Amino acid sequence: MRSLRKPTFERKTPDQLKLMRRAGLVVDEVLRTLAAEVRPGISTRELDQIGREILAARGASSNFLGYGADWGIQPFPGVACISVNEEVVHGIPGDRVLAEGDIVSCDFGAVIEGWHGDAARTFLVGEVSDEVRELSRVGEEAMWAGIGATRVGARIGDISAAVEASTSSHRRRYGIIRDFTGHGIGSEMHMYPDVPNHGRGGRGPVLNEGHAIAIEPMVTLGSGDVAELEDDWTIVTRDSSWAAHWENTVTPTATGVWVLTLEDGGEAELTKRGIPFGPLAD
Ligand code: MG
C-alpha cells in the first residue's frame, strides 16, 4: 500500500555530502571526457562506453543503468542518457552517429557508497548554427540562474522562478519543458522534492544545510510540449524543435552554494555571477 507519510526532504550530514561530492567528481570527469570526444562520426553507444569505463576505473556504479526495472518497461540500458537534436532527455545510447551541426545533451549519474551525483551538459557537434549555439547557452544560463537562487532559507519556488525568468528574458521565445523537473537527490537519485523549471517564488519547501537538489532546465527552440517514443524512454519535442538540457547537483551551505558535479565546485561560474561559493571544508 502506498505510504501516506509526508515526503521528507533528506538532510545529509557533512560526511554524506562529501560522498556525494566524490560521486559528483566522477560525473564531472565523465562529462568532461565526453565533451572532448563528441564529434561528427562518433556513435552515442561509444559515448556510453566511455562512461562505463570511467565508472569502473573509479569504483563507482551507475544509477541510470537498469533504472525503471520495477515499472514493467524496458529498464534503461545505458549509463548515460544521450539525446540528440529534437530528443530532449532520456535518449538511449545506440547506433546513432553524431553529425556536424547536431546538438547533443549527455546526462550522467554515478553512485559512490550509496550516494548519488547527477548532471547533464549539452554539446555542440562541430559547427552549429548560431540559433542552436544560443539555445544551449540559454539552457546553461537558466541552470545558473537556478543555482544562483539556491541558498539556505530560499524556497524551491524561488529556484523555479529564477529558471523561468532567465529562460524568458531573451528577445526570442524558448520553450520550457514542464513535464520533467529537477529533483532532490542523495541516498537515491530521484527524491523529494520536485524542482520545476517554472513557477512562483516564495513557495515550496525551504532549503537548509544538508539538502541537495539537481537543477536541470530543459529548453527548446519551439514549444515545451513533449512526447515519449515507443522505446519507453526517449522524450522528444512534439514540434520536432531542438532542445538543450543542463544540470548540476548542488547543495546550499552556511557560506553559499556548492556545485557537487563540477571539479571546481562551481567556483569560477559562481564568482563570475556574484553568487557566494560555499564549499564544505575537507
Ligand atoms: Mg536529474
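Visitor: In which helix is the place of Thr44?

Guide: In this predicted model, the element to look for is the one that spans residues 44-57. The place of Thr44 is in helix 2.

Visitor: Is Thr44 buried or exposed, and which backbone nitrogen does the side chain of Thr44 reach?

Guide: Thr44 has a relative accessible area of 2%, and because buried means under 20%, Thr44 counts as buried. Setting aside residues up to four places away in sequence, Thr44 touches Ile82, Val84, Ile92, Pro93, Gly94, Arg96 and Leu98. One of these residues, Gly94, also takes part in a polar contact, since at 2.8 Å the side chain of Thr44 reaches the backbone nitrogen of Gly94.

Visitor: Where is Lys12 found, and is Lys12 buried or exposed?

Guide: Lys12 is found in the segment before helix 1, the helix that covers residues 14-37. The relative accessible area of Lys12 is 7%, and with the limit for burial set at under 20%, Lys12 is therefore buried.

Visitor: Which backbone oxygen does the side chain of Lys12 reach?

Guide: Leaving aside neighbours within four places in sequence, Lys12 is in contact with Leu17, Met20, Trp115, Ile185, Gly186, Gly210, His211 and Ala212. The side chain of Lys12 makes a polar contact with the side chain of Glu10 at 3.2 Å. A polar contact with a backbone atom is found as well, at 2.8 Å, and the partner is the backbone oxygen of Ile185.

Visitor: How many disulfides does a search of the whole structure find, and why do Cys81 and Cys106 not form a bond?

Guide: A disulfide is a covalent bond between the sulfur atoms of two cysteines. The cysteine sulfur closest to that of Cys81 is in Cys106, at 9.7 Å, and because a disulfide needs sulfur atoms within 2.5 Å, this is too far for a bond. Both residues are buried, Cys81 at 7% relative accessibility and Cys106 at 0%. The number of disulfides found in the whole structure is zero.

Visitor: Which strand gives the largest share of the lining of the largest pocket?

Guide: The largest pocket holds about 610 Å³ of space and is lined by 28 residues, with Tyr67, His90, Phe180, His183 and His190 nearest its centre. By class, the lining of the largest pocket comprises 14 nonpolar, six polar and eight charged residues. At least two lining residues come from each of strand 6 (182-184) and strand 7 (191-195). The largest share, three residues, is supplied by strand 7.

Visitor: Which helix supplies at least two residues of the lining of the second largest pocket?

Guide: About 200 Å³ of space lies in the second largest pocket, and its lining has two nonpolar, six polar and four charged residues. Among the residues that line the second largest pocket are Glu164, Thr167, Gly175 and Ile176. Strand 5 (175-176) supplies at least two residues of this lining, as does the element that spans 156-167, helix 4.

Visitor: How many Å apart in space are Arg137 and Gly72?

Guide: Arg137 lies in helix 3, which covers residues 130-148, and at 39% relative accessibility Arg137 counts as partly exposed. In sequence, Arg137 and Gly72 are 65 residues apart. In space, taken from C-alpha to C-alpha, Arg137 and Gly72 are apart by 37 Å.

Conventions: Residues numbered from 1 in each chain as written. Predicted model: local features only at pLDDT ≥ 70, side-chain atom pairs only at ≥ 80, totals over all residues. Heavy atoms only, no water. 1 Å grid on protein atoms, 1.4 Å probe; cavity = no way out; pocket = protein on both sides within 12 Å on 5 of 7 lines; lining within 4 Å. Points joined across faces, edges and corners; volume = space filled by probe spheres on them. Helix = DSSP H or I, 4+ residues; strand = E, 2+ residues; numbered from the N terminus. Nonpolar A, V, L, I, M, F, W, Y, C, P; charged D, E, K, R; others polar. Buried < 20%, exposed > 50% of the residue type's maximum accessible area, 1.4 Å probe, protein only. Polar contact = N/O pair within 3.5 Å; in protein donor to acceptor, adjacent residues only side chain to side chain. Contact = heavy atoms within 4.5 Å.
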